[in-house]
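These are my notebook entries on one structure. I looked up its enclosed space, one of its helices and the confidence of the model.

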Amino acid sequence: MTDSTPTHEPLKFAYWVPNVSGGLVISSIEQRTDWDYDYNVKLARTAERVGFEYALSQVRYASSYGAAQQHESTSISLALLLATEKLKVIAAIHPGIWHPAVLAKFINTADQFSHGRAAVNVVSGWFKDEYTDLGLEWLEHDERYERAAEFIQVLRGLWTQEKFSFHGKYYDITDFTLRPFPYEVPGRAHPDIFQGGNSTAARFNGGAFSDWYFSNGKDFDGFTEQYDDVTRIAAEHGRRTRFGLNGFVIQRDSRAEAEAQLREIIAHADSGAVEGFRKSVQEAGNATADKKGMWADSSLEDLVQYKRRGVDLFLLGFLHFQEELEHFGETVIPIVRELEADLARTGDPIGVAAG
């Protein structure tokens, strides 16, 4: 059973960094979102001003699926950290493309420069062509998560121990010390490690190794089932995993206007790009024995979705990032804070809706 006892820790908000062209919607509809440096710096500064605590830089290498242009995730994350004062920036990375010690060293530097605001999202890998076309080894689904589990353990070890050693199937580290360590933040052992995915292997990693588990591509009941599963695994390993929920925000003056906007996005969807993307992620899910991979049972409409759940963090995307993120921060986040204040006074559970 899910523990529904409310906590008084403020709900955190994050946004997808549009560091790839095409915005976050694979549609021919007008999108007033840009992927360049100046746009992203302005957006990051706006986000931290209106109450967003985290930003997540996407990781893409190959030019495809509506993302013809991309800025590399760790580079733009460091740039945004240096351009802001409070925002924590999560860089999505791929094991198999990065060696964990090299990434740990990069994040140490970013974390020192930003006074403790760097984080990573370990993406086990779902886009096969980005590996095979570069001559890199493409592992089967569960093997990718086994490698990611080792990757996370090496990251954590190098961030917290001197003369760290690890002898696994994919990484072999002997008496290695990185200096400097990450920036010292009270109450934080090391930079936050995020990880997502819906499969059994992803859930195990989320509970056993990661600090944060991103849920994506499931409805409310599906998320609750994931929450129970990952929480159980974390408890079995003597850990606590926090949860992020991915959602796409369409905020208009009325529900009718919001629903009309959603219908327009779907009507103008780039069906070829969506189908290519869907096949890639379905292939990743179908490679598992239990078919629980991300979006393995989704349709076109499910790629643009509303979410409602009082979890630790909402990771949000927008159609027109600059004006819509600002509007959300100025109008919705204050309402959430008022509800949280009521919760602290009364102890009654709350639900948060964005639509």
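Entry 1, cavities. I took a cavity to be a set of points, on a 1 Å grid over the protein atoms alone, where a 1.4 Å probe fits but cannot get out; lining residues have an atom within 4 Å of a point. Grid points are joined across faces, edges and corners, and a volume is the space filled by probe spheres set on the points. The model is predicted: local features need pLDDT of at least 70 and side-chain atom pairs 80 or more, while totals for chains, interfaces and linings use all residues. Residues are numbered from 1 along each chain as its sequence is written, and side-chain values use heavy atoms, without hydrogens and water.

I found two cavities of 30 Å³ or more. The second largest holds about 40 Å³. Its lining includes Thr 74, Leu 81, Phe 106 and Ala 119. I noted α2 (73-83) as the element that gives the most to this lining, with four residues. Helices (H or I, at least four residues) and strands (E, at least two) are DSSP runs, numbered from the N terminus.

Entry 2, helix α10. I noted that α10 spans residues 321-346 and bends by about 35° at Gly 329, the angle being between axes fitted to the seven residues ending there and the seven starting there. Gly 329 is also among the buried residues of α10 (under 20% relative accessible area, 1.4 Å probe, protein chains only).

Entry 3, confidence. I read an average pLDDT of 84 for the chain, with 82% of the residues at 70 or above; pLDDT is the predictor's confidence in each residue, from 0 to 100.

Terms used: Expected span 1.5 Å × (residues − 1). Buried < 20%, exposed > 50% of the residue type's maximum accessible area, 1.4 Å probe, protein only. 1 Å grid on protein atoms, 1.4 Å probe; cavity = no way out; pocket = protein on both sides within 12 Å on 5 of 7 lines; lining within 4 Å.
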